[in-house]
Amino acid sequence: MSLFQRGRGGPARVTVREAAVRTVHAWAAGNSATSVLLDIREADEWQTGHAPGAVHLPLTALAAGAGLPGEAQARPVVVICRSGRRSQRAAELLRARGVEAVDVMGGMQEWARAALPVVDTQGGNGTVA
């Protein structure tokens, strides 16, 4: 059974809390995370703040055929974007390539609302646009 098996129906989606448990919380504790958090927002969005331990690959690059970053190869992937729409598309693209992938409902906006950790790369308040 797949790590992301969610029963019958459409593609698997996870909450921000589920995503954090599978990725960030394990990373922060120095443990090996069961999955990689893949942020598919564009570079300017990534710079506004991202989850600790996330790897970056813009959806535009993924859709153009770019391969996964090394950290995400041969591992289950949890895909996140700003609101959860683009991550659905990215997860579908990845699954079509044989990657075990789910997307995060609500994206980084929900992540921030849930008060989960955000790496602030601009020196601001870490809010997510």
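In this predicted model, the buried residues of helix α5 pack against four elements: the strands β2 (36–39), β4 (77–80) and β5 (101–104), together with helix α4 (59–63). The residues in question are Ser87, Ala90, Ala91 and Leu94. Around the helix axis they span an arc of only 100°, so they lie on the same side of α5. A general property of helices helps here: an α-helix has 3.6 residues a turn, so residues three or four places apart point the same way. On the face of α5 turned away from this buried side sit the exposed residues Arg85 and Ala96.

The length of α5 can be checked as well. The helix runs over residues 85–96, and at 1.5 Å a residue its 12 residues should span 16 Å; the C-alpha atoms at its ends are 17 Å apart, which agrees with that expectation. After α5 comes glycine 98, with a positive phi near 90°.

Attention now turns to the nonpolar interior. The largest nonpolar core comprises 18 residues, and Leu37, Val78, Val104 and Trp111 have the most contacts inside it. Two or more residues each come from α1 (16–22), β4, β5 and α6 (107–113), with α1 giving the most, three residues. A second core, separate from this one, has 17 residues, including Ile40, Val55, Leu62 and Leu94. Leu94 is thus a member of this second core and also one of the buried residues of α5. As a general tendency, nonpolar side chains in soluble globular proteins are buried together.

Leucine 37 deserves a closer look. Leaving aside residues up to four places away in sequence, leucine 37 touches Thr23, Val24, Ala51, Ala54, Val55, Val78, Ile80, Val104 and Trp111. Among these partners, Val78, Val104 and Trp111 are listed with Leu37 as the residues with the most contacts inside the largest core, while Val55 belongs to the second core.

Two alanines stand out for their backbone angles. Most residues other than glycine have a negative phi. Alanine 74, however, has a positive phi, near 60°. This residue is located in the loop between α4 and β4, and its relative accessibility of 88% means that it counts as exposed. Alanine 115 also has a positive phi, of about 60°, although it is not a glycine. Its place is in the segment after α6, and with a relative accessible area of 67%, alanine 115 is exposed too.

Methods
Residues are numbered from 1 along each chain as its sequence is written. This is a predicted model: local features need pLDDT of at least 70, side-chain atom pairs count only at pLDDT 80 or more; totals for chains, interfaces and linings use all residues. Side-chain values use heavy atoms; hydrogens and water are left out. The expected span of a helix is 1.5 Å times one less than its number of residues. Buried means under 20% relative accessible area, exposed over 50%, partly exposed in between (1.4 Å probe, protein chains only). The arc is that of the directions from the helix axis to the C-beta atoms. Contact means heavy atoms within 4.5 Å. A nonpolar core is a set of buried Ala, Val, Leu, Ile, Met, Phe, Trp, Tyr and Cys residues joined through side-chain atoms within 4.5 Å.
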